[in-house]
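Welcome to a short set of exercises on reading a protein model. Try each task yourself, then follow the solution step by step.

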Amino acid sequence: MRLTVVGCSGSYPGPESPASCYLVEETDADGRVWRIVLDLGNGAFGALQRHADPLAIDAVCLTHLHADHCIDLTGYYVVRRYNPAGPQPQLPVWGPSGTDDRLARAYDLPPEPGMTEEFGFRVYDGTFELGPLTIEPRRVAHPVETYSLRITAGGRTLTYSGDTGVCAALDESAADADLFLVEASFVEGEDNPPDLHLTGREAAETAARASARRVVLTHVPPWYSTDQVLADAKGAYDGPLEMAEPGATYEV
């Protein structure tokens, strides 16, 4: 699998990056490249087009319905509905319950049909497959319905935390992952609320408990220093550890 960081800014777009968005690509036995997008937050749809034709995406997986993870699906709707080549085939979009209504309201559409002609909305309900990719969602600790995503192909595993506090479900999702893409929105020493986000240290400790083989920290809000988050994480995990940067790619 190839992972491309499209956007990695936490909570809102920053001067250097859009909000959360990640492109996952895998080639099947017939040589066909499958592409899925994990989250599509503020500003990410424009940046995504640097890395892939938006009409060549096979599915979108939204971890939750906060704007910094889903709102640019409204732009994608325009591309699929009003494309000069004509309306495009319905694209699968997995997400929490109410995703179809949330996105219709975001674009001020009536609930029926909303965006259901452009997107085939599917609620997470256990493991599913898309081409050569097996995707396992797990509900994690966040104020709204939120999922981590464990993606396996060719005997390799990528885990994306979504937004979460420390929880057993995240440990399970990250178990033995070849690459653990994990949020680190908080810094140590602050009065951080529980069940919302991780500090760099908590993310690293989760990776250590899960025996993840490589860690990429992401979703740092622009008001925090990525250097501080990385410093918090060091010492709690002894494997490869780095910060996500827009445009970075990883072979999983």
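**Exercise 1: Salt bridges**

Find out how many salt bridges the rule below gives, and work out which parts of the chain Asp58 and Arg32 tie together.

Solution. Step 1: begin with the rule, which asks for a side-chain nitrogen of Lys or Arg within 4 Å of a carboxyl oxygen of Asp or Glu. By this rule the count comes to 13 salt bridges. As background, side chains of opposite charge can pair when their charged atoms come close.

Before going on, note that this is a predicted model, in which local features need pLDDT of at least 70 and side-chain atom pairs count only at pLDDT 80 or more, while totals for chains, interfaces and linings use all residues. Residues are numbered from 1 along each chain as its sequence is written, and side-chain values use heavy atoms, leaving out hydrogens and water.

Step 2: look at one pair, Asp58 and Arg32, whose closest N and O atoms are 2.9 Å apart in a salt bridge. Asp58 sits in the loop between helix H1 (44-48) and strand S4 (59-61), and Arg32 in the loop between strand S2 (21-27) and strand S3 (33-40), so the pair ties together parts that are 26 residues apart in sequence. Helices (H or I, at least four residues) and strands (E, at least two) are DSSP runs, numbered from the N terminus.

Step 3: check the accessibility of both partners. The scale is this: buried means under 20% relative accessible area, exposed over 50%, and partly exposed in between (1.4 Å probe, protein chains only). Asp58 has 13% relative accessibility, so Asp58 counts as buried. Arg32 has a relative accessible area of 36% and is therefore partly exposed.

**Exercise 2: Another pair, and a network**

Which parts of the chain does the pair of Arg213 and Asp178 tie together?

Solution. Step 1: the side chains of Arg213 and Asp178 form a salt bridge, at 3.5 Å from N to O. Step 2: Arg213 is in the loop between H6 and strand S12 (215-218), and Asp178 is in the loop between helix H5 (168-174) and strand S11 (179-183), so this pair links parts that are 35 residues apart in sequence.

Step 3: Arg213 is partly exposed at 47% relative accessible area, whereas Asp178 is buried at 11%. Step 4: salt bridges can also share partners, and in this way Arg81, Glu117 and Glu118 are joined into one network.

**Exercise 3: Two helices**

Are H6 and H7 parallel or oblique to each other?

Solution. Step 1: take the angle, which is about 40° where helix H6 (residues 200-210) packs with helix H7 (residues 226-233), the axes being 7 Å apart. Axes are lines fitted to C-alpha atoms, for helices over the stretch in contact, and angles run from 0 to 180 degrees between N-to-C directions.

Step 2: compare the angle with the classes. Under 35 degrees counts as roughly parallel, over 145 as roughly antiparallel, 65 to 115 as roughly perpendicular and the rest as oblique. H6 and H7 are therefore oblique to each other.

**Exercise 4: Backbone surprises**

Find the cis peptide bond in the loop, and say whether the phi of Asp108 is positive or negative.

Solution. Step 1: recall that most residues other than glycine have a negative phi, and most peptide bonds are trans.

Step 2: the bond from Glu112 to Pro113 is cis, with omega near 5°. Pro113 lies in the loop between H4 and strand S6 (119-123). Glu112 is exposed, because its relative accessibility is 66%.

Step 3: Asp108 has a positive phi, near 60°, in a residue other than glycine. Asp108 also lies in the loop between H4 and S6, and is exposed with a relative accessible area of 71%.

Step 4: Ser11 has a positive phi too, about 75°, although it is not a glycine. Ser11 belongs to the loop between strand S1 (2-7) and S2, and is partly exposed at 33%.

**Exercise 5: Inside**

Is Leu103 buried or exposed?

Solution. Step 1: locate Leu103 in helix H4 (residues 99-106). Step 2: its relative accessible area is 0%, so Leu103 is buried. Step 3: the C-alpha atoms of Leu103 and Thr74 are 6.9 Å apart, although 29 residues separate the two along the chain.
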